[in-house]
Amino acid sequence: MTATPATSMTPTADGRPEMEGEVFWPAPEVVQHTIVPDWDALAQRADHDLEGFWAEQARELDWYTPWDKVLDESNKPFFKWFTGAKVNIVYNCLDRYMHTAIRNQVALIWEGEKGDSREISYAALNREVCRFANVLKGLGVAKGDRVTIYMGRVPEIAVAMLACAKLGAIHSVVYGGFSVDALAGRIDDSQSRLAITCDGAFLNGKIVQLKQIMDEALTRCPSIEHVVVVKRTGAGVAMQSGRDLWYHDLMADPAISDVCPTEVMDAEDPLYILYTSGTTGEPKAIVHTHGGYMVGIYATLKMVFDLHPEDRWWCAADPGWVTGHSYIVYSPLLNAATSLMYEGAPAFPQPDRWWALIEKYRISILYTAPTAIRGLMRFGDDWPGRHDLSSLRLLGTVGEPINPEAWKWYHRVIGHERCPIMDTWWQTETGMFMITPTPVVGLKPGSGTRPFFGLRAEILDEAGNPVPDGEEGYLVLLRPWPAMLRTVYQDPDRYVRQYWGRYPGKYVTGDSAKRDRDGYYWVIGRVDDVIKVSGYRLGTAEIESALVSHPAVAEAATIGLPHDVKGTAIHAYCILRQGETPSDALAAELREHVGRHMGPIAKPEAITFVDKLPKTRSGKIMRRVLKARALGLPEGDISTLEE
């Protein structure tokens, strides 16, 4: 890929449109072998015939009974997809391969933090899912029951999710490591009958005491009848007689069959609930369904990451987040892919652990979060330089806007300037990629490019009017999509109020963004992460990108604090790269550096050097926590905060 500065849309000598800013174009060989070689042609077709496009994708999957209607808009905003169809996502993940050569293909490669590993074929995974589904049946789990899963990154978490879905039970995965309060609240809200956990999990050389946290949470959760415990660490744990059962003992019972029929589900039946925290209020349980969600994640992974049978896919997230649900557990199986799951942290025991895994398993596509990229960038170029990363052909990012400096490092050092970066914007609520490139388009560092095929987005001002290109506003989505949330579990009013109430008929993402004259979208961050200084709206992500572009800064977070003159003043918190020393002189230099990049209005009022930032366990900086601490106010819901 080569960087091409461009200023207008007139074609260049090679036929590419000339665009503003720095653009990285794919090499010709990348374009020649892609599933979608012509982005514009498919985009126009999908925009013209939304239902036809999604029906085409759905027909690539198997259905017990076909749909009567692709999209039912009769009860907006409670949209329904593939109404009348009967399906089960697990049938498409596993059952349909059992009489094909795919049954012998590796479905999942797993490596533990300590270096232990497993390779699990599609046939072996299907066998384990069937056995565990029969175990769950024997424990009284039936269609519609909720099951809470609280585990580390081990293959059994995927088995548990798939086994629940196979029976038509609704899984509620809680990230392994959430606090007692967070876990108890989620179990109680879902009224789960059964919980699945591990004795513990390995992370950064330590044991996360999952069973112990579960035990404490269950003192407040009378709905739980049984707890199934996977033995991972071997650490001694208390087992309550009659309630707690060892996974491996249950699975070894000779009376348990390797065969289990897959429940026939309506396309609109719930598949899972997943809790997501807002800046205020209680966490909300997002509901995703079997049919539309399946089609959305299948198509987006296939097209955005150009997934071929020979690829080895690594989504380096946790199954406990929506990224893990959609792009670790379900869609790689829907696409008959081979994927990697790694238990541990990126830099343990050394900062090259990820690069060693890519070399060892010949990973061809890596999908991770900007916070991980910045964290590894901090250790310099030498660690990845020790490994053969030539198997990589595509890279991806997820979770938050990526600053251009980190994008370019990822592209240059990890992708060796030949791997296009798929910078994806989406949410727990959307279920699938929403604003994203594909490998054939020109890429601008920091931009997610354009909405996925068939989608439409808009940038609005406070009053709901579209803003001119180049100006920031509220990002909204104008059309329904198959993988969209259907409601907030047991709270439909909150669903309408939160997502459709502000601008009737338009889905409010809660994010601030701008669109450039080439139609590329730049997500700035949560609306709450926009600072208004002297009447100017400044995105925290932009200021942070300016700070991180300084060679001394590894990571930064900015917040707005009250100011007598400006109304709000910018305060920055910076983590320095190894070898750099905090000083007043460096703080002054950074203020000037931001001023040069963004103008004097964006200069931070103060810069504080810190060793770490408050983040969610999925890696997002919790700026509201920084603000609450600075003002001496309550920190609100911090159930997603890292320890």
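Among contacts in the chain between residues at least 6 apart in sequence, what percentage join residues at least 24 apart? In this predicted model, the share is 69%, and that figure is a useful place to begin, since the remaining paragraphs move from the whole chain to a single side chain.

The secondary structure of the chain consists of 19 helices and 31 strands. For a chain of 643 residues, a compact globule would be expected to have a radius of gyration near 26 Å, and because the value computed here is 24 Å, the chain agrees with that expectation. Taken along the principal axes, the box that the C-alpha atoms fill is roughly 70 × 50 × 50 Å.

Turning to burial and surface, 62% of the 643 residues are buried, while the chain exposes about 24,000 Å², of which carbon and sulfur atoms supply 50%. As for charge, the chain carries 67 positive and 82 negative charges, and the mean positions of these two sets lie 1 Å apart.

A closer view can be taken at Asn-134, which has its place in helix α5, a helix that spans residues 122-138. Asn-134 has a relative accessibility of 15%, and it therefore counts as buried, given that the cut-off for this class is under 20%. Leaving aside residues up to four places away in sequence, Asn-134 touches Ile-256, Ser-257, Val-259 and Cys-260. With one of these residues, Val-259, there is also a polar contact, in which a polar atom of the Asn-134 side chain lies 3.0 Å from the backbone oxygen of Val-259.

Methods
Residues are numbered from 1 along each chain as its sequence is written. This is a predicted model: local features need pLDDT of at least 70, side-chain atom pairs count only at pLDDT 80 or more; totals for chains, interfaces and linings use all residues. Side-chain values use heavy atoms; hydrogens and water are left out. Helices (H or I, at least four residues) and strands (E, at least two) are DSSP runs, numbered from the N terminus. The radius of gyration is taken over C-alpha atoms; the globule rule is 2.2 Å times the number of residues to the power 0.38. Buried means under 20% relative accessible area, exposed over 50%, partly exposed in between (1.4 Å probe, protein chains only). Contact means heavy atoms within 4.5 Å. Accessible areas come from the Shrake-Rupley method with a 1.4 Å probe; for residues, only the protein chains shown count as cover. Lys and Arg count as positive and Asp and Glu as negative; His and the chain ends are not counted. The place of a charge is taken as NZ of Lys, CZ of Arg, CG of Asp or CD of Glu. A polar contact is a pair of N or O atoms within 3.5 Å; within protein, one must be able to donate a hydrogen and the other to accept it, and residues adjacent in sequence count only if both atoms are side-chain atoms.
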